[in-house]
Amino acid sequence: MDSSQQGLPARAALRCAAWSERWFPDAWVFAALGLVLVALAALGFGATPATTVQAFGDGFWSLIPFTMQMAFVVIGGYVVASAPIVARLIDALARVPKSGRGAVCYVALVSMLASLLSWGFSLVFGGLLVRALARRPALAMDYRAAGAAAYLGLGAVWAMGLSSSAAQLQANPASMPPGLLAITGVVPFTQTIFLWQSLLLTAVLIGVSLLVCWFTTPTGAGARTARDCGVADADALPVLPPRTRPGEWLEYSPLLSLLVGVLGLGWLLRRFASLPAAVAIADLNTYNLLFLTVGLLLHWRPRSFLDAVARAVPSTAGVLIQFPLYGGIAALLTHAPGADGATLAHRLAGVFVRVATTDSFPLVMGGYSAVLGFFVPSGGGKWLVEAPYVMQAARDLHVHLGWAVQVYNAAEALPNLINPFWMLPLLGVLGLKARDVVGFTFIQLLVHVPLVLGLLWALGLTLDYVPPLMPG
């Protein structure tokens, strides 16, 4: 590969990509190594072997409901995005870019904007948009860079939007653990994602991410297309074959799709009538039922719907086999106390809380959340673990509580840029490995870390402490 004609950022991205392709392990290996390191750390601080293995075993299956929800996020998103009418929309969108570099930036913009509404749809829609663009060989688009761009929604700004698990939880007292509610009270969206400081931070992140995409995308001989990456299935979605036997008539009739769709839409209408839309859609069960119902109706014929599901299921393999390991890691961090009774999570928190001041809180806690997020890559689950002592520290230091939530949101997204945990659904759609895209996302990480932490600190200085608002 000739990189001599590339700019400095693109050469750096190519070197990172080459290194990661050679040295970056499979995502499961990465998760297993993390598990071993956390277990050794627990033992090193005095946890007994019996406590350590008990915590691992108890946590191993703790994410099964979330695992299935994540699998259905992939399936539902793929089913909707591969429906004939949506596929035509994606094909129309794919005709807009005029160059390979422009196509990568285009994918990044679509992905980040979509993630502000739904991170799950952003992953699948972005992935299918990359596949559609790959069917335009004249673009000579670097498939790896485009895949990394499709991941930027989840890797950069998703937690600053409506699907933020932490912001949604803090705005809904009925969903909060009583202990956390007593510390923070209710923190509405007006004090988190709708703060002008939060909107400004989001806008800056989108703009800077697009610039990094532009300057790091290889062009010319340095670009590797989908075919160069060994992805030979980036073709148009298959056409539904004609019915060949009488027993298939219900599979090809829209009757069952309509009847099941009516039931699903009826439940969804009741759900959205009883809750604010932003609250209802934040529930992954509601979200998944919405996408499956809409996908079923858009495909019209059950056979088309089932074929789309069959194509989507292989994309969930990494999710199914890795999430149990992350459940074990989370349990080791929070349920394997050392000799003094303190868990690893509380040891980490104690170090940062002791050195923080009111002004330095965003820097200290942002750094802590980013580091912990690499080992526990679950925005909502990690918030439940982290929030009681993080928010208590914010209250003690008189830090704006809503901004403390946004510090968590912005910093928690940083490790996503190189953690294969959340890449899995997208990689399944694209037919790539984490090592194919992490070279490009690593450059984004190098830019995002000082930018995010600096803005969190500077914008935090513009906010005053507001006492907790307790529900009446």
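Modeller: A salt bridge is a side-chain nitrogen of Lys or Arg within 4 Å of a carboxyl oxygen of Asp or Glu. This is a predicted model, in which local features need pLDDT of at least 70 and side-chain atom pairs count only at pLDDT 80 or more, while totals for chains, interfaces and linings use all residues. Residues are numbered from 1 along each chain as its sequence is written, and side-chain values use heavy atoms, with hydrogens and water left out.

Biologist: How many helices are there in the chain?

Modeller: Helices (H or I, at least four residues) and strands (E, at least two) are DSSP runs, numbered from the N terminus. There are zero strands in the chain. The number of helices is 24.

Biologist: What percentage of the 472 residues counts as buried?

Modeller: Buried means under 20% relative accessible area, exposed over 50%, and partly exposed in between (1.4 Å probe, protein chains only). Among contacts with a separation of 6 or more (a contact being heavy atoms within 4.5 Å), 80% come from residues 24 or more positions apart. The buried share of the 472 residues is 53%.

Biologist: Which two residues have the most contacts inside the largest nonpolar core?

Modeller: A nonpolar core is a set of buried Ala, Val, Leu, Ile, Met, Phe, Trp, Tyr and Cys residues joined through side-chain atoms within 4.5 Å. The largest one has 89 residues. A second, separate core of 38 residues includes A55, A166, A336 and L372. In the largest core, the residues with the most contacts are W119 and M141.

Biologist: Why is helix α8 described as largely enclosed by the rest of the structure?

Modeller: Helix α8 spans residues 143-150. Among its buried residues are Y143, R144, G147 and A150. The helix is largely enclosed by the rest of the structure because its buried residues number eight of the eight.

Biologist: Is D142, which meets R144 in a salt bridge, buried or exposed?

Modeller: The side chains of D142 and R144 meet at 2.7 Å, N to O. R144 has 2% relative accessibility and counts as buried. At 0% relative accessibility, D142 is likewise classed as buried.

Biologist: Where in the chain does R135, the salt-bridge partner of D91, lie?

Modeller: The side chains of D91 and R135 come together at 2.6 Å, N to O. The pair links distant parts of the chain, 44 residues apart, with D91 in helix α5 (residues 84-93). D91 is partly exposed at 30% relative accessible area, and R135 is partly exposed at 31%. R135 itself is in the loop between α7 and α8.

Biologist: Which residues are joined into one network by salt bridges that share partners?

Modeller: D307 and R303 form a salt bridge at 3.2 Å, N to O. Both lie in helix α17, four residues apart, or about one turn of the helix. Salt bridges that share partners join into one network E251, R303 and D307.

Biologist: How many salt bridges does the structure hold?

Modeller: Among them are the D91–R135 pair and the D142–R144 pair. The structure holds a total of five.

Biologist: What is the C-alpha to C-alpha distance in space between G59 and L332?

Modeller: G59 lies in helix α3 (residues 49-60) and is buried, with a relative accessible area of 2%. Neighbours within four places in sequence aside, G59 is in contact with P324, G327, G328 and A331. G59 and L332 are 273 residues apart in sequence, and their C-alpha distance is 7.7 Å.

Biologist: Which backbone oxygen does the side chain of T316 reach?

Modeller: T316 sits in the loop between α17 (302-312) and α18 and is buried, at 3% relative accessible area. Apart from neighbours within four places in sequence, T316 is in contact with A71, V74 and I75. At 2.7 Å, a polar contact (a pair of N or O atoms within 3.5 Å; within protein, one must be able to donate a hydrogen and the other to accept it, and residues adjacent in sequence count only if both atoms are side-chain atoms), the side chain reaches the backbone oxygen of V313.

Biologist: In which loop is W300, a residue with positive phi that is not a glycine, placed?

Modeller: The phi of W300 is about 75 degrees. W300 is partly exposed, with a relative accessible area of 37%. Its place is the loop between α16 (284-299) and α17.
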